[in-house]
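Trainee: I'd like a close look at one small part of this protein, and then a walk outwards from there. Can you keep it plain for a beginner?

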Amino acid sequence: MDITKIRHDFPVLSENGIYFDNACQSLRPQSVINAVTEYYQEYSACAGRSNHHLAAKVTQKCDEARTRIAKFLHAKRKEEIVFTRNTTEGINLVANTLNLKEGDVVLTSDKEHNSNLIPWQILHRKSGIIHRIVRSRDDNTFDMDAYKQALESGVKLVSLGMTSNLDGVTIPAAEIIKLAHQDGAVVLLDAAQAIPHQVIDVRKLDVDFLAFSGHKMLGPSGTGVLYGKYELLEKLSPFLVGGDTVSSSTYDSCEFLPPPEKFEAGLQDYAGIIGLGEAVSYLERIGFAQIQKQEYALNSYITEELQKIPNLVILGPSDPKERSGIISFYISGKDHHQIALMLDASTKIMVRSGQHCVHSWFADRKIPGSVRASVYFYNTLEEAELFVKELHKVLSIL
């Protein structure tokens with residue numbers, strides 16, 4: 001993998017410093033930018049609603065993107081791909097259409113992003129569902145024994161983050177899904193942090209629903225996907241309704257379209273959908289083996305250097321192989337926000353600071369927050385070295 005050549009594909013990298021906030025949002029290659037721009041410049045129109053040639057081209061391009069994403073996920077058919085605005089919308093769609101009733105048990109982990117926590121809290125208050133949490137092991141890895149025990153009490157839905165945005169740990173999804181199905185539970189995976197870094201085969205996993213965002217995988221902001229087994233999508237009631245969700249309507253009734261159309265209400269972000277299709281193609285050209293190799297090299301170096309700093313605690317396992325491209329840490333007595341601000345002010349090194357939308361985990365452990373450096377395949381060892389060097393300087397001042 002030619003990193004120098006790849007970096008030329010990302011205009012933002014040219015003069016904007018060191019971008020180590022990839023877990024929040026990845027950068028976009030020129031090919032994705034071009035795909036979005038081309039839509040607005042050459043065939044900006046509605047898909048599926050009009051009979052003129054511009055609309056036909058938009059329909060064709062969006063269909064190509066849906067087909068490409070279905071193949072990317074190894075889905076059985078393109079109709080299992082529902083376009084959303086992001087992972088959050090996908091999870092909320094399932095939460096509000098799965099017909100969960102009072103007493104139904106939803107199982108999550110103790111490290112869930114707010115997007116996979118708050119919907120279940122709302123449903124608990126609104127519908128009386130029971131929300132149970134499987135606590136992680138001491139090193140923040142998934143506790144399979146605790147999970148098996150939780151399943152014994154009867155669970156309707158298992159909803160888990162596939163890879164944690166807190167520490168980069170990936171759960172043993174295939175085994176989790178197999179055990180859930182044996183107990184009659186449906187499984188929803190939040191794949192926002194997993195999809196940019198690894199091959200996901202939804203049929204091999206046998207997962208029921210899987211949600212992810214475009215903005216974390218080189219795609220445009222405000223795009224996302226909910227994958228669902230077609231027979232399950234057919235059974236779900238629409239969540240958002242209106243234009244393009246029905247085949248006909250009268251003043252007191254309507255006939256809904258089949259999936260995925262019945263879930264894609266209103267005018268869609270056609271430019272974003274087309275751009276997301278190109279993002280998938282770009283990732284396939286790079287290859288996940290190369291992506292993981294680069295992430296591991298960078299994470300290994302940074303981890304080794306940070307472990308030399310007194311009182312610094314890295315969240316999650318000590319082995320960087322188990323943390324994808326994420327290095328999240330805190331230092332007792334040092335303000336995480338101040339560290340991030342000073343890194344940006346001194347050398348334009350961009351990291352994340354705070355509780356990373358996992359407030360519940362930090363509150364439970366009484367940890368104020370952490371600094372999160374997250375790398376991707378276009379980052380370099382030289383950038384990692386400069387990050388460590390500047391971090392030492394910042395800590396010497398604080």
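Trainee: Where is the place of Pro-260?

Mentor: Sure, and keep in mind as we go that this is a predicted model. Pro-260 sits in a loop, the one that runs between β10 (254-256) and α10 (270-286). Have a look at the link just before Pro-260: the peptide bond between Pro-259 and Pro-260 is cis, with omega at about 5°. Another backbone detail turns up at His-74, where phi is positive, about 65°, although His-74 is not a glycine. You'll find His-74 in a loop as well, the one between α3 (53-73) and β2.

Now follow β2 into its sheet. Strands of a sheet pair through backbone hydrogen bonds, either parallel or antiparallel. The sheet that holds β2 is an open one of seven strands, and going across it you meet β2-β8-β7-β6-β5-β3-β4, with mixed pairing. The two edges are β2 (81-84) and β4 (130-134), each of which pairs on one side only. On average, neighbouring strands here are turned by 20° against each other, if you ignore direction. Zoom in on the β2 edge: β2 and β8 (residues 224-228) run antiparallel and are joined by four bridges. Across that pairing, Phe-83 faces Val-225 of β8.

There's another open sheet to see, made of four strands in the order β11-β12-β15-β14, and its pairing is antiparallel. At its edges are β11 (312-314) and β14 (352-354); each has a single partner strand, so one side of each is left without a neighbour in the sheet. Its neighbouring strands are turned by 25° against each other on average, again ignoring direction. Inside this sheet, β12 (residues 326-331) and β15 (residues 370-374) run antiparallel, with four bridges between them. Ser-328 has Arg-372 of β15 standing opposite. A helix packs on this sheet too: α12 (residues 336-347) touches β12, β14 and β15, and its direction makes about 160° with that of β14.

Step back to the whole chain, which is divided into domain 1 (3-20 + 287-397) and domain 2 (31-285). Taken over C-alpha atoms, the domain centres are 28 Å apart. Where the domains touch, 30 residues from domain 1 and 30 residues from domain 2 take part in the contact.

One last stop is the empty space. Rolling a probe the size of a water molecule over the atoms shows where empty space is left. Searching the whole structure turns up one cavity of 30 Å³ or more. The largest cavity holds about 70 Å³ of space. Why does the largest cavity lie between the domains? Domain 1 and domain 2 both give residues to its lining, so that is where it lies. Among the lining residues are Asn-22, Gln-193, His-197, Lys-216, Ile-326 and Ser-374. Sorted by type, the lining has four nonpolar residues, six polar ones and one charged one.

Conventions
Residues numbered from 1 in each chain as written. Predicted model: local features only at pLDDT ≥ 70, side-chain atom pairs only at ≥ 80, totals over all residues. Heavy atoms only, no water. Pairing = 2+ DSSP bridges. Axes fitted to C-alpha atoms, helices over the stretch in contact; angles between N-to-C directions. 1 Å grid on protein atoms, 1.4 Å probe; cavity = no way out; pocket = protein on both sides within 12 Å on 5 of 7 lines; lining within 4 Å. Points joined across faces, edges and corners; volume = space filled by probe spheres on them. Nonpolar A, V, L, I, M, F, W, Y, C, P; charged D, E, K, R; others polar. Domains from an automatic or database assignment. Contact = heavy atoms within 4.5 Å.
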